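Hi,

Here is the structure I promised to pass on. Have a look at it first, and then read on for what turned up.

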Amino acid sequence: MRETYCGKSCSECSYREKTNCLGCKQGPGKQYSGECKIARCCRNKGHEVCQTCGFRQTCGILSEKNNAPLNRQKEHEAESERKNHIYKQSLVLGKWLWILFWLFVPLGITSVMTNKSLVDSVPSVYIIGSALRFICSMIYGFILIRLRTEENRYFSAGIYTLICAGYEILILILNNISLLDDIIIFISIPAIILLLNAEYNEYMSHSAVVFAVNDELSYNWENLWKWYIGIICILAVSIILAVIIPLFGVVVLFGAEIGFIIINIMKLIYLYRTARVFRLYSKEILNEDESKSDTIIV
């Protein structure tokens with residue numbers, strides 16, 4: 001039995017020591033974990049070596065046999081560089097996304113505290129909730145800006161979040177000086193547009209950074225944005241219906257509010273899962289490197 005599939009001599013291969021190769025049929029050409037395309041082609045066609053194949057003279061895979069070790073080395077280096085990049089990224093994202101997750105919890109609580117229909121009887125709760133929401137939103141925005149080095153859209157999300165926090169305080173002040181509701185609604189329109197931009201850029205940033213380690217979670221973030229837009233459309237429809245068919249409009253509005261609650265719960269879950277994915281990935285890579293070091297020492 002020949003030592004290689006393609007006919008090359010392992011003893012004459014200049015890459016064997018460089019890549020710590022175990023030999024063709026035990027290393028790159030190994031049946032299950034090997035990465036040699038020539039070996040895979042031979043096994044698929046039922047050949048022990050390329051010489052018994054009738055297409056060897058015109059085979060494009062075999063013609064690259066001299067470059068195969070170099071190509072595999074480049075692939076290893078590229079994969080190692082990719083893993084190193086994701087590892088460094090996971091250290092940053094695992095830390096800061098975890099903080100965003102814990103910040104989102106009080107933000108959810110303040111949403112209840114600032115719901116005027118629920119706390120009209122206790123004005124102080126509304127004021128405290130608004131102040132707490134402003135502080136949490138500012139911190140949330142600055143963290144998103146901090147993550148701009150990992151994904152550009154985090155920066156936009158952070159800026160929009162900070163501006164939205166300022167808008168909320170402005171609207172709170174206008175409410176306290178008893179301005180007309182029409183004026184407050186008019187001023188609120190830019191805040192809604194900014195909020196949509198903030199949410200879009202945040203969701204897409206989470207989707208982009210997590211794609212390399214968990215593509216399913218990445219798609220979940222994209223789908224959550226679609227659901228968010230859908231709820232916004234239902235909310236707009238409910239406002240129109242409230243004028244035409246008041247009772248039906250109120251029902252639709254109530255449904256939209258339930259939808260927002262669900263969206264926020266899903267966002268909280270996805271933030272937790274995204275942060276956890278990066279934290280686990282960094283630990284996995286670290287354990288893998290330690291395992292390799294122990295093997296070399298032995």
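Which residues of α7 are buried? Keep in mind that this is a predicted model. The buried ones are Leu217, Ser218, Asn220, Trp221, Leu224, Trp225, Tyr228, Ile231, Ser238 and Leu241. As you read that list, remember that an α-helix has 3.6 residues a turn, so residues three or four places apart point the same way.

A bit more on that helix. α7 covers residues 215-244, which is 30 residues. From first C-alpha to last, α7 reaches 44 Å, close to the expected 44 Å at 1.5 Å a residue. At its start, Asn214 has a side-chain oxygen that comes to within 3.3 Å of the backbone nitrogen of Glu216.

Now for the overall picture. The protein has eight helices and zero strands, so to speak an α-α-α-α-α-α-α-α pattern when you read along the sequence. There are 298 residues, and 35% of them count as buried.

On to the inside. Nonpolar side chains tend to be buried together in soluble globular proteins. Here, the largest nonpolar core has 32 residues. The members that touch the most other members are Leu97, Leu100, Tyr140, Leu147, Tyr203 and Trp221. Trp221 also appears among the buried residues of α7. The elements giving two or more residues to this core are α2 (68-113), α4 (123-146), α5 (153-176), α6 (181-210), α7 and α8. The largest share, nine residues, comes from α2.

There is something nonpolar on the outside too. Ile240, Val243, Ile244, Ile245, Leu247, Phe248 and Val251 make a nonpolar surface patch of about 760 Å². Two elements, α7 and α8 (246-297), each give two or more residues to that patch. Ile245 sits in the loop between α7 and α8. Why does Ile245 count as partly exposed? Its relative accessibility is 42%, and partly exposed means between the 20% and 50% cut-offs.

Last, the charged pairs. How many salt bridges are there? The count comes to three.

- Arg153 and Glu151 meet through their side chains, at 3.1 Å from N to O. Arg153 is partly exposed, with a relative accessible area of 29%, whereas Glu151 is buried at 17%.
- Lys267 and Glu199 form a salt bridge at 3.4 Å, N to O. This pair links distant parts of the chain, with Lys267 in helix α8 and Glu199 in helix α6, 68 residues apart. Both Lys267 and Glu199 are buried.
- Lys267 also forms a salt bridge with Glu202, where the closest N and O atoms are 3.0 Å apart. Lys267 lies in helix α8 and Glu202 in helix α6, so this pair ties together parts that are 65 residues apart in sequence. Glu202 is buried, as is Lys267.

Because they share partners, the salt bridges of Glu199, Glu202 and Lys267 join these residues into one network.

If you want somewhere to start looking, try Lys267 in helix α8 and its partners in helix α6, then move to the patch that includes Ile245.

Cheers

Definitions and conventions:
Residues numbered from 1 in each chain as written. Predicted model: local features only at pLDDT ≥ 70, side-chain atom pairs only at ≥ 80, totals over all residues. Heavy atoms only, no water. Helix = DSSP H or I, 4+ residues; strand = E, 2+ residues; numbered from the N terminus. Expected span 1.5 Å × (residues − 1). Buried < 20%, exposed > 50% of the residue type's maximum accessible area, 1.4 Å probe, protein only. Polar contact = N/O pair within 3.5 Å; in protein donor to acceptor, adjacent residues only side chain to side chain. Patch = residues over 30% accessible without salt bridge, like charges linked within 9 Å, V, L, I, M, F, W, Y side chains within 5 Å. Areas by Shrake-Rupley, 256 points an atom, 1.4 Å probe, with all protein chains shown as cover. Salt bridge = Lys/Arg side-chain N within 4 Å of Asp/Glu carboxyl O. Core = buried A, V, L, I, M, F, W, Y, C linked by side-chain atoms within 4.5 Å.
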